Every structure is written in structure tokens, then in C-alpha cells.
Amino acid sequence: MNTERVLEIFKEITTVPRESGHEELIIAWLLEFARKHGLESKKDEVGNVLIIREASAGKEDVPTIVLQSHSDMVCEKNAGIDHDFAKDPIPYVIEDGWMVSHETTLGADCGIGMACALELLSGNDSTGRLEALFTVSEETGLDGAMALKPGFFTGKTLINLDSEDEGQIFVGCAGGLDTTARFSYSEKNAKAGNVILKLRISGCMGGHSGDDINKGRANAVQLLGNILYDLLPTNYGIVRIDGGNKRNAIAREAFAELAIAEDRVDDALELIDLFRDNVLEEYGAIETGIRIDTSLDLLQEGTRIIDRQSAVRLVTALAAAPHGVLAMSQEIPGFVETSTNLASVKMTEPGVIRIGTSQRSCVTASRREAGRKVEACFVLAGAEVSHESEYPGWAPASKSALRDRCVASYRKLFNAEPKVLAIHAGLECGLFTEVYPDLDMISIGPTLRGVHAPGERLELASLDKFTALLTDLVVNFK
């Protein structure tokens with residue numbers, strides 16, 4: 001496998017819009033890639049694509065390998081950045097040994113996995129039969145994997161290319177469950193004599209709600225809930241509230257617009273200053289970019305606010321809602337077993353505010369218990385709560401020929417011992433086992449950092465090692 005060719009293919013991928021749920025253009029691009037290289041391809045009813053390369057001469061008896069990646073990406077950008085993910089190429093630079101997109105997500109999760117599979121399909125390496133599976137909407141609910149039908153692919157050895165740490169071989173993952181709380185509210189006119197206090201939290205690192213949940217990073221939605229709770233004695237009214245975005249991303253930014261009596265503004269600003277000092281002290285060793293900014297504006301005639309009772313219930317629930325690690329594994333040192341992510345607060349429709357959360361655990365009962373914990377918090381505050389998009393974990397197999405081959409290959413190539421681990425992030429492998437129970441699977445990848453957030457980056461030196469490992473695995477597979 002040629003690493004430079006992998007990068008060239010990935011650069012092409014960054015020009016194709018592929019936000020989760022809107023993969024039409026990348027699906028067409030994949031099918032056209034197959035046509036141009038004389039490869040067989042097919043697409044199922046949800047948009048999963050399979051591209052097949054038949055065995056090289058002399059390797060017809062080698063068992064088929066399935067190379068699997070997902071075709072969608074998380075589309076996040078910094079506030080104020082003029083970028084349209086539906087049409088604009090991803091802006092990236094190569095610097096200090098990394099490929100990075102400073103203001104948006106890069107999409108190396110899982111675009112670099114796609115590029116590696118496509119290079120093997122179209123390159124000159126002598127291999128057995130390859131089936132490259134590209135699933136849709138992995139990032140928003142593993143929809144493609146959930147819809148996969150028996151017989152879409154034939155191989156019984158699958159290499160998932162969606163991991164983010166070179167030198168680590170993943171053999172298990174957490175399952176997930178989304179929980180949504182809906183607060184209903186009525187509106188009334190803000191009082192004459194009030195002013196508008198705008199409050200913005202920004203500059204949080206954010207990150208992957210699974211892989212980064214144990215790193216102690218600030219959650220902007222959680223911070224906003226806490227500061228609004230502290231401000232309740234000032235008797236403000238909520239005009240607008242917005243924070244976070246994707247379920248699988250730790251919230252980086254949050255915003256509130258408050259109507260407040262002019263004679264309470266100084267009290268509010270004093271409380272905000274104290275809160276800011278506490279936050280900077282709490283997170284100073286981890287994050288240096290957190291900003292808590294305020295501004296004042298005139299109250300426009302006819303400004304509407306959320307009724308006081310609903311506002312208090314909402315703010316109290318946000319302040320009380322759990323976020324972060326709930327339990328560590330008793331079997332795997334340092335492995336997060338169960339967590340919850342307070343992902344977003346949105347005024348999505350008139351009279352309704354939605355709170356989005358996601359729960360992860362490799363233990364089904366613990367995952368559902370986390371969902372009940374979140375549910376109880378919001379039900380007590382008077383919200384309607386629902387659970388959706390549950391998917392299973394992937395339990396490590398006691399025996400795996402593919403895992404053993406990968407470990408041996410890594411030792412041979414790099415004279416080092418790889419780590420064999422489970423990951424707290426969700427992978428599609430757990431769903432594959434429900435339809436293809438005889439699969440032997442691993443998940444590997446190059447080193448990515450900051451996935452699901454602007455500043456996502458790919459370490460190029462790790463890509464060299466990863467492509468060498470994947471080539472050795474595929475070319476020498478027996």
C-alpha cells in the first residue's frame with residue numbers, strides 16, 4: 001500500500017460532502033471510483049456500499065477479507081466560521097507532521113479508513129479477495145450497520161478501520177443509548193425596564209463523547225446550566241438558550257440570552273465573574289481557551305421570555321444532570337465502562353426545548369441504568385423523556401486468529417508490543433455480529449486527535465506505520 005496514494009485519495013474525499021444523513025454525494029463518488037477502476041460494486045436500500053476486488057493470480061484460495069469503514073463524518077465548526085458542509089471542501093493544512101483542519105472537523109474519522117480501503121482495492125498489491133464495506137450514518141446512530149442484511153458481504157474476517165490510536169488493536173467496544181428530554185413552556189412578554197444580558201461560553205476543547213469522556217474536559221452545556229442556576233436569584237427571564245450539537249461530541253459552546261431588571265445587572269455580572277474564576281481554576285490544568293463572555297443590549301418591544309416556572313425547571317435539571325464517567329471497568333484497568341454525555345440544549349420548535357444526551361457502556365444493564373438515571377433527573381423536573389437509537393456493545397472474543405495475526409505482524413514490523421484493548425467509543429462491530437455471528441474482527445487505525453471537534457488532526461507518521469501494518473495483514477493473509 002502506498003501511503004502517499006492513501007493521502008491523495010483522502011484529500012479527494014475531503015472535497016465531497018458527507019454529513020451524516022446526507023451521504024448521497026459520497027455514495028455516488030464511491031460507486032464512480034469502483035467503475036473507474038473496473039471493480040464490482042453494489043449499494044443496498046439505505047446507502048451502504050460494497051466494492052469488491054477479486055483475488056490476485058495465485059491467491060484464489062486465500063479467505064476473503066472485509067475492509068470496513070463508514071462513509072459519513074461529524075460536521076462541526078467554530079462559531080462565526082463561514083463554512084457550508086453541504087458544498088464546501090474541508091479546509092486543511094499540513095503542519096508539524098499533522099494534517100489538521102483548524103476551524104472545522106477534518107473527517108479523518110473515518111475518511112482515512114475509507115482511503116486505505118480504496119487504495120488496497122485499486123493498488124498493485126497482490127491479495128486475496130477483498131470486500132470493502134462503506135456504511136452510512138454511523139455517527140448519528142449506526143444506521144447503516146443496523147440495516148445491514150445477511151449476504152451483503154461474504155467474508156468472515158473483518159478489519160474495521162475506524163480506530164484512532166496507532167499501536168492499539170481493539171477487540172471490543174461500548175454500546176450506546178440516546179436519551180432525549182422535552183420541556184414544554186409558555187411565553188410571556190418581558191417586563192418593561194429590563195435589559196438583555198447575553199451570555200456566551202466558548203473555547204472549550206470538546207471532543208469525542210466516548211474516547212475523550214474520561215479526560216476531564218469542560219462541557220459547555222453543563223457550564224451553562226450551572227451558571228444559570230447560580231443566577232436564578234436575579235429573577236431573569238430566558239429569551240433564548242442554545243448549546244452543544246451532536247450526541248457524540250462533548251459540547252464546546254453554549255449561549256443564553258436573558259431579560260433582567262436593570263438594577264439586578266451588577267449582581268448578575270458579579271456572579272458571572274465569580275463563576276468564571278472558578279471555572280478557570282477548575283479546568284486550567286486541562287484547558288486554556290475557555291471563555292465566558294457577556295454583553296448588554298436594549299430590550300426590544302415585544303420580546304418574549306419563557307414562563308418562570310418552566311425556566312426554573314429547565315435550569316435546575318441542566319444543573320443536576322449527570323455528565324462524564326459513571327463507572328470504570330473492574331476487569332480492564334483504566335477502561336471506562338459506563339458514561340453519559342450531556343450533549344445539547346435546543347429550542348427546536350415553538351414551545352419546546354430539547355435536551356440531548358447519550359449513554360455508553362459495554363454492559364447492557366449498566367447502559368440502560370445510565371439512561372434511567374438521566375431519565376429520572378429530567379422527569380423530576382417535569383420533562384417528557386424518551387430513549388432511542390440503542391445499539392449493542394462488542395464483547396471481546398476469547399479466541400481470534402485475526403487478533404493473533406495482527407499482534408504478530410506488529411511485532412515483526414516494529415519490534416514492539418501492540419496494546420490489545422476494548423474502546424469506550426461505539427463501533428459498528430457489535431451490530432455486525434448480530435447479522436454475521438461467525439465474524440472474526442479487529443479494529444485498527446492511525447492516530448487521530450480531536451475527532452468530532454474543530455481542530456481534528458491526523459498524525460502522518462502514524463499513518464505510515466498503520467498502512468505498513470494493514471498491508472502486511474492483507475498481503476500475507478492465509
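Strands, such as those named in the views below, are DSSP runs of E with at least two residues, and helices are runs of H or I with at least four, each kind numbered from the N terminus. Please keep in mind that the model shown is predicted.

**View 1. The second largest pocket has a volume of about 340 Å³.** Its lining is made up of 19 residues, and those nearest the centre are Asp242, Gly244, Asn245, Glu253 and Lys346. Strands β13 (237-244), β14 (249-250) and β15 (254-261) each contribute at least two lining residues. The most comes from β13, which gives four residues. Sorted by class, the lining of this pocket holds nine charged, seven nonpolar and three polar residues.

**View 2. Asp242, one of the residues nearest the centre of the second largest pocket, sits in strand β13.** Here we zoom in on this residue and its partners. Its side chain makes a polar contact of 3.3 Å with the side chain of Lys346, another residue that lies nearest the pocket centre. Beyond four places in sequence, Asp242 touches Leu224, Ala254, Phe255, Val345 and Lys346. Its C-alpha atom is 9.5 Å from that of Thr348, although 106 residues separate the two along the chain. Asp242 counts as partly exposed because its relative accessible area is 29%, between the 20% and 50% cut-offs.

**View 3. The largest pocket has a volume of about 400 Å³.** Among its 31 lining residues, Glu138, Glu139, Thr140, Asn248 and Arg360 come closest to the centre. Three strands each give two or more residues to this lining: β9 (175-184), β20 (352-361) and β21 (384-391). By class, the lining splits into 13 polar, 10 charged and eight nonpolar residues.

**View 4. Helix α5 spans residues 220-230 and is mostly covered.** Eight of its 11 residues are buried: Ala220, Val221, Gln222, Leu223, Leu224, Gly225, Ile227 and Leu228. Of these, Leu224 will be familiar as a contact of Asp242. Look also at the start of the helix, where a side-chain oxygen of Asn219 comes to within 2.9 Å of the backbone nitrogen of Val221.

**View 5. Two salt bridges, one between buried partners and one within a helix, are shown side by side.** Side chains of opposite charge can pair when their charged atoms come close. Arg217 pairs with Asp212, with 3.4 Å between the closest N and O atoms, and both residues are buried. In helix α6 (residues 265-283), Asp273 and Arg276 are three residues apart, about one turn of the helix, and their side chains form a salt bridge with an N to O distance of 2.7 Å. Asp273 is partly exposed because its relative accessibility is 39%, and Arg276 is partly exposed because its value is 21%.

**View 6. Glu390 and Arg367 form a salt bridge, with their closest N and O atoms 3.3 Å apart.** This pair joins distant parts of the chain, with Glu390 in strand β21 and Arg367 in helix α8 (residues 364-380), 23 residues apart. How accessible is Arg367, buried or exposed? At 2% relative accessibility, Arg367 counts as buried, whereas Glu390, at 29%, counts as partly exposed.

**View 7. Glu54, Arg129 and Glu131 are linked in a network of salt bridges.** To put this last view in context, the structure holds 26 salt bridges.

Conventions. Residues are numbered from 1 along each chain as its sequence is written. This is a predicted model: local features need pLDDT of at least 70, side-chain atom pairs count only at pLDDT 80 or more; totals for chains, interfaces and linings use all residues. Side-chain values use heavy atoms; hydrogens and water are left out. On a 1 Å grid over the protein atoms alone, a cavity is a set of points where a 1.4 Å probe fits but cannot get out, and a pocket is an open set with protein on both sides within 12 Å along at least five of seven lines; lining residues have an atom within 4 Å of a point. Grid points are joined across faces, edges and corners, and a volume is the space filled by probe spheres set on the points. Ala, Val, Leu, Ile, Met, Phe, Trp, Tyr, Cys and Pro count as nonpolar, Asp, Glu, Lys and Arg as charged, and the others, Gly among them, as polar. Buried means under 20% relative accessible area, exposed over 50%, partly exposed in between (1.4 Å probe, protein chains only). Contact means heavy atoms within 4.5 Å. A polar contact is a pair of N or O atoms within 3.5 Å; within protein, one must be able to donate a hydrogen and the other to accept it, and residues adjacent in sequence count only if both atoms are side-chain atoms. A salt bridge is a side-chain nitrogen of Lys or Arg within 4 Å of a carboxyl oxygen of Asp or Glu.
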